[in-house]
Amino acid sequence: MARPSPRIEVAHEALRQAIIEQALKPGTKLPEDVIGEQFAMSRTLVRAVLAKLEAEGLVDAHPKRTATVAQPTLAEARDVFGVRRALEAEAVRLVAKRWQPAFASELEGLLRQEDEARSRQDERVSIHLAGEFHLRLAHLSGNALLERYLRELITRCSLILAVFGRPHSSDCAIEEHSALIAALSAGKAEEAVAIMNTHIGAVERRALLGGDDEKPAALGDVLSHYAAAVTARQAPKPTAKPSKTASSK
């Protein structure tokens, strides 16, 4: 299978992150010419990116109309959270069966990043890391299909929060994630499931209680910021040069 164009990968990831972190609000128009200009892509490649995002539930594509960031309905929001609660509980049970100390270290590393984002009052990064914690947990379950479904549900929940919800509460997320790690480390699988259910319930209540009136940023400015961030992450890391002192010995 041919590898996608690097430009498609950068554009897809930049748009995906901008949507998940709510820099691009639901209903935002995504003109092909603006995206194409930002990523130096033809309309054909732009449409491929938008089709990929549509398959992930992040974009609504309208025939002969400009695509927009997906805008879930209230009924869909309730359905999404119902399914997510069931799958998250199953993910926790599977992780509990496979638990090992390395899992705790991995999850605690994400928790520290969440805490740092909270200290900086960086809400968008905090939202991203909160979702990443759940994705990592799904990955640790060892069930690739479950991970794939949860990935889609978690991104849909980000959209739902952007449409209906209150601002993200990083304090609650960190405390609940920490309690979950503690229960799993202690071998208390059902307690961990109960913590996850309570946590998802709190996210759902926050998601379905009215949004904000923040003025949206210009699409080009958002894409420029996220494209630079994605490109920087994908750039190869420089290798250290050998020390002259060491080579002379």
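Colour the chain by secondary structure to begin, and you will find 11 helices and three strands in what is a predicted model. Following the ribbon from the N terminus, the elements come in the order α-β-α-α-β-β-α-α-α-α-α-α-α-α. If you then colour by accessibility, 43% of the 249 residues in the chain count as buried. It is also worth displaying contacts along the whole chain, for among those between residues at least 6 apart in sequence, 79% join residues at least 24 apart.

**First stop: helices α1 and α3**

Select residues 6-20, which form helix α1, together with residues 43-55, which form helix α3, and look at how their axes come within 10 Å and cross at roughly 45 degrees. An angle from 35 up to 65 degrees falls between roughly parallel and roughly perpendicular and is called oblique, and α1 and α3 are therefore oblique to each other. Turn the view until one helix lies over the other, and you can follow α1 as it passes α3 in a right-handed crossing. To see what makes the contact, show the side chains of R7, I8, A11, H12, L15 and R16 on α1, and those of L45, A48, V49, K52 and L53 on α3. Sorted by character, the residues of this contact of α1 with α3 divide into seven nonpolar, one polar and three charged.

**Second stop: R16 and T155**

Stay with R16, which you have just shown in helix α1, and ask whether it is buried or exposed. R16 has a relative accessible area of 5%, and because buried means under 20%, R16 counts as buried. Leaving aside neighbours within four places in sequence, the residues in contact with R16 are L53, E56, L58, L135, R151 and T155. You can also draw a distance between the C-alpha atoms of R16 and V69, which lie 53 residues apart along the chain and are separated by 10.0 Å.

Now move to T155, one of the residues that R16 contacts, and find its place in helix α7, residues 144-164. T155 is likewise buried, with a relative accessible area of 5%. Which residues does T155 touch, not counting those up to four places away in sequence? They are R16, I20, E56 and L58, and E56 and L58 are also among the contacts of R16.

**Third stop: helix α2 and the loop after it**

Select residues 32-39, helix α2, and highlight I35, G36 and F39, which are buried. Looking down the axis of α2, you will see these buried residues fall within an arc of 100 degrees, so they line one face of the helix.

Step on to A40, which follows α2 and is found in the loop between α2 and α3. Most residues other than glycine have a negative phi. The phi of A40, however, is near 50 degrees, a positive value in a residue other than glycine. At 52% relative accessibility, A40 counts as exposed, whereas I35, G36 and F39 in α2 are buried.

**Last stop: Q121**

Finally, select Q121, whose place is in the loop between α5 (101-120) and α6 (123-140). What is the sign of phi at Q121, which is not a glycine? It is positive, with a value of about 60 degrees. Q121 also counts as exposed, at 72% relative accessibility, so you can end the tour by comparing this loop residue with A40, which is exposed at 52%.

Methods: Residues numbered from 1 in each chain as written. Predicted model: local features only at pLDDT ≥ 70, side-chain atom pairs only at ≥ 80, totals over all residues. Heavy atoms only, no water. Buried < 20%, exposed > 50% of the residue type's maximum accessible area, 1.4 Å probe, protein only. Helix = DSSP H or I, 4+ residues; strand = E, 2+ residues; numbered from the N terminus. Arc of directions from axis to C-beta. Axes fitted to C-alpha atoms, helices over the stretch in contact; angles between N-to-C directions. Parallel < 35°, antiparallel > 145°, perpendicular 65-115°, else oblique. Left-handed = near helix turned anticlockwise from the far one by under 90°. Contact = heavy atoms within 4.5 Å. Nonpolar A, V, L, I, M, F, W, Y, C, P; charged D, E, K, R; others polar.
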